[in-house]
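Reader: Before we look at anything in detail, could you take me through the features of a model one at a time, giving the general idea and then the case at hand?

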Amino acid sequence: MFDSPCPLCCVNGMMRHAQERQEGNAAMNATATRFNGQLKKWNADRGFGFVVAEHGDQPIFVHVSTFPRDGRLPTVGEALSFEIELDKDGRKRAARVRRPGAEQHAQSRRNERMATTGRRAPRRSESSPFASRFITLLFVAGLGWYAYAQYSERVPPVPTASQSVISAPAPAADQPARSTFQCDGRQHCSQMTSCTEAKLFLKNCPGMKMDGDDDGVPCEDQLCKGLFER
């Protein structure tokens, strides 16, 4: 009769197996190699499929969570690069999947943006001094205009030549123009319009009857009253 195996021995064997499997996973992860291949099958409803390396024919499980989050859905036949790791049951699966073509395209786009930025930078640096000078000129012009406006408000305007000439006093209303004077037969004070006119007639016309005391002052009681008081 054979003895039954020791339960403790079975437990120890299982523990050794688990430890060896963990060590194998750790060794594979430590020496992970990236493979190039293609997506051979894909189940869009369940979110998983199988990839095959370029120099291999063994389908390897791949989950949608390992794909790059670039908004693109996995497509059968597309080129991929991936690493291989073991799941908790010791089966191989693809991890850290990349799209080589998408990476090269993204890198070229980044290079183009950097090149474009490098070319445009000098233009900005050249236009910056011009803009600064233009703003400075506008500021100076505005300041000058403000100063001129303030000066114009405080200083009275200079009179023009026509305004600066002192106008001659207008001839008195009672002074007849000498160029139009003539003896017209008037002889009495009641016929005169002013003292000045009476004196002109007395001085220039014969037969005047406006100076009764012959003192040379006509119409002393009327037009020239009080003008020659002594």
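Author: What follows is a walk through disulfides, strand pairing, a sequence-distant contact and a surface patch.

Author: This is a predicted model, in which local features need pLDDT of at least 70 and side-chain atom pairs count only at pLDDT 80 or more, while totals for chains, interfaces and linings use all residues. Residues are numbered from 1 along each chain as its sequence is written, and side-chain values use heavy atoms, with hydrogens and water left out.

Reader: How many disulfides does the rule give, and what is the rule?

Author: A disulfide is a covalent bond between the sulfur atoms of two cysteines. Here it is called when a pair of cysteine sulfur atoms lies within 2.5 Å, and the count by this rule is 3. When the bonded cysteines are counted along the chain, the pattern is 1-4, 2-5, 3-6.

Reader: Where does the pair C183 and C205 sit, and is each cysteine buried or exposed?

Author: The sulfur atoms of C183 and C205 are 1.7 Å apart, and the torsion about their S-S bond is about -95°, so this disulfide is left-handed. The pair links distant parts of the chain, 22 residues apart, with C183 in the loop between α3 (161-164) and α4 (195-204) and C205 in the segment after α4; helices (H or I, at least four residues) and strands (E, at least two) are DSSP runs, numbered from the N terminus. For burial, buried means under 20% relative accessible area, exposed means over 50%, and partly exposed is in between, with a 1.4 Å probe and protein chains only. C183 therefore counts as partly exposed at 42%, whereas C205, at 7%, is buried.

Reader: What is the handedness of the links C189 to C219 and C195 to C224?

Author: The disulfide of C189 and C219, with S to S 1.9 Å, has a torsion of about -105° about the S-S bond and is therefore left-handed. C189 lies in the loop between α3 and α4 and C219 in the segment after α4, so the pair ties together parts that are 30 residues apart in sequence. C189 and C219 are buried.

Author: In the disulfide of C195 and C224, S to S is 1.8 Å, and with 105° about the S-S bond the link is right-handed. Because C195 lies in helix α4 and C224 in the segment after α4, this pair ties together parts 29 residues apart in sequence. C195 and C224 are both buried.

Reader: Which strands does β1 pair with, and in what sense?

Author: Two strands pair if DSSP finds at least two bridges between them. Strand β1 (residues 34-43) runs antiparallel to strand β4 (residues 79-86), joined by 5 bridges, and also pairs in the antiparallel sense with strand β2 (residues 48-53) over 6 bridges. Q38 has A79 as its bridge partner in β4 and V52 as its bridge partner in β2. The hairpin of β1 and β2 has 4 residues between the strands, and there G47 takes a positive phi near 75°.

Reader: What is T33 in contact with, beyond its neighbours within four places in sequence?

Author: Contact means heavy atoms within 4.5 Å, and with those neighbours left aside T33 is in contact with F82, E83 and I84. T33 is found in the loop between α1 (7-30) and β1. From C-alpha to C-alpha, T33 and E83 are 5.8 Å apart in space, although 50 residues apart in sequence.

Reader: Which residues make the nonpolar surface patch?

Author: Patches are made of residues with over 30% relative accessible area and no salt bridge (a side-chain nitrogen of Lys or Arg within 4 Å of a carboxyl oxygen of Asp or Glu). Like charges are joined within 9 Å, and nonpolar side chains (Val, Leu, Ile, Met, Phe, Trp, Tyr) within 5 Å; accessible areas come from the Shrake-Rupley method with a 1.4 Å probe, and for residues only the protein chains shown count as cover. F130, F134, I135 and L138 make a patch of about 450 Å². I135, in helix α2 (residues 100-154), is exposed at 56% relative accessible area.
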